[in-house]
Amino acid sequence: MFLKKHGAYVIAFVATIIRYYDYSLFGLSAGLLSKNFMPNAEGDDQILVFFALFGLSMAVRPLGAVVFGKIGDKFGRITSVKIAMVSAAIATGLIAILPSFEMVGWLATLLLFVCRMLFLLSLAGEIDAIRIYISEKIHKSRRNFATGVISFSSQVGVLLASVMYYFAVSFEELEWLWRFNFLLGAILGFGIILARGALQENEIFLKKKKAAGTEVNASIFKIINENRVKFFVSSVIHGLLGGIYHFLIMFLGVFVANVANIESQKEAMFDNMGIIALYSVACLASGFVADKVNILVQAGVAITLSIICMAAMVGFLNVGIFSQYLHYALGGLAPFYVIPSLIKTQSMFKMMIRMRMFSISHSVGSLVLSSTTPFMCMLIWKHSESISMVFSYFLVQLLVLFAALSFTVKKHGEDLFEV
């Protein structure tokens, strides 16, 4: 009875877990993947090349957002999800069987790059579509909490990836173990495809689609031009949210273990798992609170506390001490400005253009600000060897995020959700 009534939500949450497992496993596996697919070089340079590849592969995301955004607005959110599921599962499975750099040289790097692009191409069609699908389907009184559950599910996927990578690092003598991690993602991906029938299109969307005017068929350039300010601000917010997340979850652990050599790699990975678990629980708490309080107050308090924690962490790092407690605090505070920001960016756009505007702004933000954060931080470190300079990049992201969110609330405060 429960599955019949809530099956769509369950499948959406499980699909999010699997896709974020695949997505984060690539970033978390930076150390092992760089050894297998990057040219022989010094440790720092090898990781720098990997993060450059990580950033460049994001160039395909706007294309995926345009394609799947059109599918999502014209044919349905669920149609977009189903097509993207297959593409993402194939890309993840291919990474598991790629030859290494030692076997085929630069061809291995190129193949890894292509597989990552194929995966990212489909990401907008699944993850963004699921977020919009859930937000449109649920009542406004629980919308932030529902988004919190989606974000919780995403972090369960990240945590699972972190655990699997921890085992791969712990048993490095088993050279195939990292490949099994990606193969597992592909198997789980194809498994959820079998349950796709539980996903049914939102009735409100179907009614809007039937009565849709010219908006649904309008060119992407026309839609962006008519919503250019909203699109720009949404892109900035998405990019900063992703950049902050990449800094805290993807970059910082690798930095303190592989570059600054303050922690061992295993210690850093263990801490990362704890931070991801805390982040996931905080997503639920953030969604619950955001449905009841002013989002600017919530975000402002969380960002202010994050800046205080960050300043303290820099002080400790400068004397060779890495405070795991402060890292935990930063990870636990992040959802309190992330969740309301995600809902606010969705609410700015009408239903029949929402998928395209949300997804494309997300993709552009990811390309320019999010995926480049680890690379930029490594570049800053390489040329300054200053921990304070690296963290200053994170500080700027926090401040600009709050400014962009404040502008959005004050200038585009109208909620365009239909429920």
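This is a chat about the cavities and two residues of a predicted model.

Q: What sort of model is this, and how are residues numbered?
A: The model is predicted, so local features need pLDDT of at least 70 and side-chain atom pairs count only at pLDDT 80 or more, while totals for chains, interfaces and linings use all residues. Residues are numbered from 1 along each chain as its sequence is written, and side-chain values use heavy atoms, with hydrogens and water left out.

Q: How many cavities of 30 Å³ or more are there?
A: The count is four. A cavity is a set of points, on a 1 Å grid over the protein atoms alone, where a 1.4 Å probe fits but cannot get out; lining residues have an atom within 4 Å of a point. A volume is the space filled by probe spheres set on the points, which are joined across faces, edges and corners.

Q: What volume does the largest cavity have, and how many residues line it?
A: Its volume is about 380 Å³. The lining of the largest cavity has 23 residues, and Tyr20, Arg131, Gly242, Tyr245 and His362 lie nearest the centre.

Q: Which helix gives the most to that lining?
A: Helix 12 does, with five residues. Helices (H or I, at least four residues) are DSSP runs, numbered from the N terminus.

Q: What classes are those lining residues?
A: Twelve are nonpolar, nine polar and two charged. Ala, Val, Leu, Ile, Met, Phe, Trp, Tyr, Cys and Pro count as nonpolar, Asp, Glu, Lys and Arg as charged, and the others, Gly among them, as polar.

Q: And what about the second largest cavity?
A: The second largest cavity holds about 70 Å³ of space. Among its lining residues are Leu28, Tyr165 and Met269. Helix 12 supplies the largest share here, four residues, and the lining has no charged residues.

Q: Changing topic, where is Asp22, and is that residue buried or exposed?
A: Asp22 lies in helix 1. Asp22 counts as buried because its relative accessibility is 3%, where buried means under 20% relative accessible area with a 1.4 Å probe and protein chains only.

Q: Which side chain does the side chain of Asp22 make a polar contact with?
A: The partner is the side chain of Arg19, at 2.5 Å. A polar contact is a pair of N or O atoms within 3.5 Å; within protein, one must be able to donate a hydrogen and the other to accept it, and residues adjacent in sequence count only if both atoms are side-chain atoms.

Q: Which residues does Tyr133 touch?
A: Not counting residues up to four places away in sequence, Tyr133 touches several residues, including Ala8, Arg77 and Leu199; contact means heavy atoms within 4.5 Å.

Note on methods:
On a 1 Å grid over the protein atoms alone, a cavity is a set of points where a 1.4 Å probe fits but cannot get out, and a pocket is an open set with protein on both sides within 12 Å along at least five of seven lines; lining residues have an atom within 4 Å of a point. Helices (H or I, at least four residues) and strands (E, at least two) are DSSP runs, numbered from the N terminus. Buried means under 20% relative accessible area, exposed over 50%, partly exposed in between (1.4 Å probe, protein chains only).
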